[in-house]
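Work through the exercises below with the model open. Each task is followed by a solution in steps.

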Amino acid sequence: MAANNSKAGQTDKCASVHVRRVIAYIVLILISFLCLFWFYVLFINATRSNAELGGGFTPVPSNHFIENWTNLKNGTLPIFNGMLNSLIISVLTATLATYFSTMTAYAIHAYQFKAKKFMFTFILMVMMIPTQVTALGFIQLIGKMGLDNTAIPLIVPAIASPAVFFYMKQYMDSTLPLSLIEAARIDGSGEFKTFNQIVLPLMKPAIAVQAIFSFVASWNNYFTPALVLHEDKKKTLPILIAQLRAADWLKFDMGQVYMMIAFSIFPVIIVYLILSRHIVSGVTLGSVKG
Amino acid sequence: MNKKSKVVRYNKWGYIFLIPFIVTYVVFQLVPLVSTVYNSFFENYRSGLTQIGPNFVGLQNYVTIIQNGDLPTYFANTMIMWVMCFVPQIIISLLLGAWFTDPSLRLKCQQFFKTVIYLPNLIMASAFAMLFFTLFADSGPINSMLMQIGVLDEAYKFMSNVWSVRTLIATMNCLMWFGNTTILLMAGMMGIDTSLFEAAQVDGATATQIFYRITLPLLKPILVYVMITSLIGGLQLFDVPQILTNGTGDPMRSSMTLIMYLNKHLYSKNFGLGGALSVILFIVTGILSLIVYKITVKEED
């Protein structure tokens, strides 16, 4: 009797798992569709001419991709400059942020000194403070320093990136044994050399993940660059997008507008798809442990 | 004796390695913070071609900015859009997280789904907003699609209706952040001792019961963490509404956020009111950050 009951319960459970699995797949496919749909439409529309775009939406790509691209390239927006500026600023930001955050984390991780605990607590506390609330003083400061309308105030502050620091510290706690540093000392390696030649290579996986995140954050940043950069030639892509929005956009060739948006979005998507495995698994490491 | 002095000699390197961080932080964060606070006590703006101030006015800027009625409105706008974004986001994330971590479901293609849901997080917010602006324009593809399949008879003016603009902003932010939240919650769920689930299953608990009685209560710290960090992010809402509405916050400034308001003061060089607004935002985010810090440290121990 009891055996019978539990068997019935078993089949019941199997059926319910099956139903739940079907529901899960349907919802997941629906959500994936919602995530990808916009980029699909963007891609389609970037391949269509202004006249075709005026005639309503079709789900098949057209053949004006190259034409839109040439028109955009020869148009009034300095997109190549924008791309180059964005690229330079983002690469340098990512480099400085990862190198110096690793160094800061190493200082806290490997040495015993009086202010150690205070510094760690301090960095954790300021980690969440947004840059916007100090933007006013920041703008005045760079004005006084004569750095207005240059890329320097967008790059150098990355040396102090509390969130990157926190990630590096977490990673060191789990992978960098102090005995290794001790061994390097016995071999006569100087502290700076140990950091550069032993610690940095060991931190490569974490550095890669954070380099990507810092790069993307800087690439996408709009608030600060818009306040700092004024000259057309120095502007980054997000500012050019904002300019496109502020212009009388109905007069624009819509094919070019879509091409411009695609031009700012798709490079990041392609890089992401290549590296996605590392990025997705890297997200959690720097946050609270469950 | 000799050994001890050697250790001390090594440990001074702790300070040396901290120098770049400290110098950069002080110059580009602390000094600006202090001067922002300092500015908030002065009347300092341009009225036409004449420069007014800077004159010391004490707390007058704070009184002005709170009493002229804009701040409460913009704060409410920001909060409304945050709630509209956060509620669906946390529900979807909990659901997906529970499914991904449920061993009895054994979902296939997990890596693919995780890659897809995280993707919008890396998109340039301003380009994404520009994309939505063109897609939802009166003569844009969404309207033409809806008319082609017969849902609408004439184009719906998405950009001229208070709630449709707010919904678009909330949707974009939700899309951009639910993947990130899902992955954080999943990490929390995977950290739960599996023997608890097994014990519950042996006792005959259903999947729903397990979720409400075991997963949710054990997930509480990480849920609070996600909520507060999302709230801090929500208060910074800027790129999407700024680009979508071209900085106007229209219709009738119903989608104007706090940072857009701050941005306006920064552009018009009204440093007094801008400073007061910054300080208020600093205090609010500071309090929220302290809560996050407390949670993080507790988890660390």
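**Exercise 1. Domains of chain A**

How far apart do the C-alpha centres of domain 1 of chain A and domain 2 of chain A lie?

Solution. The model is predicted. Start with the bounds: the domain assignment gives domain 1 as 2-65 and domain 2 as 77-246 in chain A. Then take the C-alpha centre of each. The two centres lie 38 Å apart.

**Exercise 2. Build of chain A**

Describe chain A by its secondary structure, its extent and its burial.

Solution.
- Step 1: count the elements. Chain A has 14 helices and zero strands.
- Step 2: compare the radius of gyration with the globule value. Chain A has 26 Å, whereas a compact globule of 290 residues would have a value near 19 Å.
- Step 3: box the chain. Along the principal axes, the C-alpha atoms of chain A fill roughly 85 × 75 × 35 Å.
- Step 4: check burial. Of the 290 residues of chain A, 41% count as buried.
- Step 5: check contact range. Among contacts in chain A with a separation of 6 or more, 77% join residues 24 or more positions apart.

**Exercise 3. Build of chain B**

Repeat the analysis for chain B, and decide whether the chain is a compact globule or more spread out.

Solution.
- Step 1: chain B has 13 helices and two strands.
- Step 2: the globule rule gives 19 Å for 301 residues, but the radius of gyration of chain B is 25 Å, well over that value, so chain B is more spread out than a compact globule.
- Step 3: the C-alpha atoms of chain B fill a box of roughly 90 × 75 × 30 Å along the principal axes.
- Step 4: 42% of the 301 residues of chain B count as buried.
- Step 5: residues 24 or more positions apart supply 69% of the contacts in chain B with a separation of 6 or more.

**Exercise 4. The interface**

Which helix gives the largest share of the side of chain B that touches chain A?

Solution. Set out both sides: 84 residues of chain B are in contact with 74 residues of chain A. Now sort the chain B side by element. Helix α1 (residues 2-39) of chain B gives the largest share, 20 residues. Finally, sort that side by residue class. It divides into 55 nonpolar, 26 polar and three charged residues.

**Exercise 5. Two helices of chain B**

Test the length of helix α7 (residues 162-190) of chain B against its expected span, then look at its bend and its cover. Do the cover test for helix α5 (residues 125-135) of chain B as well.

Solution.
- Step 1: at 1.5 Å a residue, the 29 residues of α7(B) should span 42 Å. The end C-alpha atoms are 41 Å apart, which agrees.
- Step 2: α7(B) has a kink of about 35°, centred on B:W177.
- Step 3: 22 of the 29 residues of α7(B) are buried, so this helix is largely enclosed by the rest of the structure.
- Step 4: helix α5 of chain B is mostly covered, with 11 of its 11 residues buried. Among them are B:A127, B:F128, B:F132 and B:F133.

**Exercise 6. One residue in context**

Is A:S264 buried or exposed? Which residues does A:S264 contact beyond its neighbours within four places in sequence?

Solution.
- Step 1: place the residue. A:S264 lies in helix α14 (residues 254-282) of chain A.
- Step 2: count neighbours. There are 26 other C-beta atoms within 10 Å. The cut-off for burial is 20 or more, and A:S264 is buried.
- Step 3: list the contacts. They are A:L237, A:I241, B:M124 and B:A127.
- Step 4: link to Exercise 5. B:A127 is one of the buried residues of α5(B).

Methods
Residues numbered from 1 in each chain as written. Chains lettered and ligands numbered in written order. Predicted model: local features only at pLDDT ≥ 70, side-chain atom pairs only at ≥ 80, totals over all residues. Contact = placed C-beta atoms within 7 Å. Helix = DSSP H or I, 4+ residues; strand = E, 2+ residues; numbered from the N terminus. Nonpolar A, V, L, I, M, F, W, Y, C, P; charged D, E, K, R; others polar. Buried ≥ 20, exposed ≤ 12 C-beta atoms within 10 Å, placed from the backbone. Domains from an automatic or database assignment. Rg over C-alpha atoms; globule rule 2.2 N^0.38 Å. Expected span 1.5 Å × (residues − 1). Bend = angle between axes of the 7 residues up to and from the residue.
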